[in-house]
Amino acid sequence: MVEDNGGGAKRSREHQHLYDEDDIPGASKVALARLARTCKAFHAVALNALWSNLNGIAPLIQCLPAEVTRLYLRLVQLIGIERAPRKEEWDIIQRYASRVQRLRVLNPLCPVEQSVIFTLSRPPTSSPLFPNLRSLVWNDSRPQITCFLQTLCGPLLTSLVLDCSSRTVRWDAAASAILIDVPFICPAVKVISLPSSSCPPIPNMLLAWNHLEEVTCGEIDTVTFDHLAKQTYSRKLAFILSQSISQSLIDRTPFPQTFLRLRELEVHASELPSLIMFMQKLGIHPTSIRSRVDAGPTPCDMRAFFAFLAEHYVGVQPRNVSLQSLRRIQMPTAVQPPLVPPIGNQFNGPYYTGIHGSDLMPLAQFGSIDTLIIDVNCSIHFADDDIASLASAWPHLRIFIAKSDITQIGLLKMLQCCPKLQTICIAIDTDTLTEVPLDRLGEGVQNMNVRTIVFADSVIQPRAATVVAAFLSDVFPRLNEVTAWKSDQMLYVIRWEGVSQQIKGMIRIRQQERRWPRSE
């Protein structure tokens with residue numbers, strides 16, 4: 001049996017506070033908790049499974065007798081500590097803390113007072129409070145409790161996420177010194193994530209680690225970048241491409257013996273040509289390319305990017321291509337008709353104000369693509385035939401985000417060619433959907449994976465709402481929600497919310513009808 005220390009009910013409740021968001025299903029947690037309490041042979045194994053992934057430190061305090069803790073009922077339940085734990089109570093804390101391998105410090109659904117943090121920062125022994133901790137997410141922005149970070153860090157830690165960005169607090173010298181010492185306390189770190197805007201400045205932190213495999217950070221200098229380029233096992237790099245790094249690459253000859261194992265690249269650049277030059281100079285071929293740009297990109301830049309990938313990735317199969325703009329431009333409220341492609345050598349005119357399906361055709365050579373995201377400040381015009389051609393080239397596509405108007409015919413062609421599709425964000429032309437026919441609008445095509453669809457800035461008239469709902473409920477039998485118009489066009493937001501409600505009702509009716517033949 002698990003130690004009672006104040007009542008079986010208390011011990012029963014402790015397991016309910018553990019992992020609301022981990023990989024163990026709820027029913028399995030209950031079964032593990034029962035085994036931990038009743039099965040001596042399974043006691044240690046069950047407790048290890050329950051405590052290995054801890055979301056917030058509140059469960060450690062909730063294991064103590066009631067007279068040690070106190071509760072405050074505010075917007076959420078706030079847990080505090082009434083008095084300092086005695087030796088036998090510290091034994092309880094350490095018994096469970098020793099089983100934790102992955103820890104997220106702050107759980108917003110179950111926060112703790114600072115007094116709890118200060119108490120746990122001063123254990124009565126010199127041994128680490130979490131001796132087996134391998135992964136730590138420090139997501140508390142309060143600099144005054146940074147002393148607890150020093151208690152958590154240890155030689156076995158291999159993954160560290162410092163999510164401590166805050167514009168409302170100032171970090172004193174003591175808190176900054178603790179952060180700077182982290183690499184020396186945790187020399188085995190392989191996965192590191194630093195805030196894009198350092199909570200205090202963390203100079204040269206990355207230079208202290210020599211076995212990094214995944215790095216997520218903000219803007220870095222050329223010395224730090226050169227150090228990261230020499231990491232033998234680096235497989236992921238996410239950072240802000242500074243002007244200093246871009247300039248240093250211009251002055252160098254290509255050096256392809258860097259980032260040899262890089263598979264994921266996430267770059268925030270000022271403009272798209274800087275990213276193209278960066279990848280070209282380094283000679284890298286990550287299979288996942290996620291880029292964000294401040295300005296543009298222009299249609300010309302995007303065509304150059306797609307052409308670069310087609311030429312640069314010969315023999316390499318990318319899986320994720322994502323291109324996003326940070327600054328959003330308010331799109332016109334009226335649906336714009338597709339532009340006519342140029343004839344002959346017409347390189348100017350309205351066609352070159354946006355991109356078309358033909359501009360993405362260089363990517364059609366990559367049948368491995370499973371994610372394509374184009375969310376930019378540039379108009380996108382895909383005809384139904386363009387969608388059919390691209391979709392047929394990407395049979396493994398799971399995520400497609402490109403806010404171009406297509407009709408229900410284009411959507412059906414995509415679903416036929418991409419059976420694994422799970423996430424869709426497009427604009428759909430509803431003008432052709434005016435009447436519910438007797439035949440199935442979806443022509444028998446169905447996708448069981450999609451639960452939510454975003455239809456961007458799609459215009460819909462009241463007469464089309466029921467027809468659109470009938471079409472979507474037939475094609476997506478498990479659809480839960482349809483959203484559109486994140487801007488201020490509340491008229492269309494309300495109409496699409498009505499479509500979403502109709503879909504739920506129609507799906508329910510179809511479920512009933514399928515049951516009737518079995519019950520007769």
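In this short talk I will go through two helices, a run of paired strands, one arginine and a cavity.

Please keep in mind that this is a predicted model, in which local features need pLDDT of at least 70 and side-chain atom pairs count only at pLDDT 80 or more, while totals for chains, interfaces and linings use all residues. Residues are numbered from 1 along each chain as its sequence is written, and side-chain values use heavy atoms, with hydrogens and water left out.

Let me begin with helix α3, residues 43-51, where helices (H or I, at least four residues) and strands (E, at least two) are DSSP runs numbered from the N terminus. Its buried residues, meaning those under 20% relative accessible area with a 1.4 Å probe and protein chains only, are His43, Ala46, Leu47, Leu50 and Trp51. They lie on the same side of α3, because they cover an arc of only 115° around the axis, the arc being that of the directions from the helix axis to the C-beta atoms.

Turning to the strands, β7 (residues 191-193) and β8 (residues 214-219) pair in the parallel sense over three bridges, where pairing requires that DSSP finds at least two bridges between two strands. Valine 191 has glutamate 214 as its bridge partner in β8. On to β9 (residues 236-240), which runs parallel to β8 and is joined to β8 by four bridges; here glutamate 219 has isoleucine 240 as its bridge partner.

The next helix is α10, residues 243-250, in which Ile245, Ser246, Ser248 and Leu249 are buried. These residues cover an arc of only 165° around the axis, so they are on the same side of α10. As for what they meet, the buried residues of α10 pack against α9, β9 and α11 (272-282), with contact meaning heavy atoms within 4.5 Å.

Now to arginine 440, which sits in the loop between β17 (423-428) and β18 (452-454). With a relative accessible area of 47%, arginine 440 is partly exposed, a class that lies between the buried limit and exposed, which is over 50%. Setting aside neighbours within four places in sequence, arginine 440 is in contact with Gln446 and Asp474. Aspartate 474 is 34 residues away from arginine 440 in sequence, yet their C-alpha atoms are 7.6 Å apart.

Finally, the lining of the largest cavity includes Gly56, Cys110, Asp140 and Arg142, a cavity being a set of points on a 1 Å grid over the protein atoms alone where a 1.4 Å probe fits but cannot get out, and lining residues having an atom within 4 Å of a point.

Methods: On a 1 Å grid over the protein atoms alone, a cavity is a set of points where a 1.4 Å probe fits but cannot get out, and a pocket is an open set with protein on both sides within 12 Å along at least five of seven lines; lining residues have an atom within 4 Å of a point.
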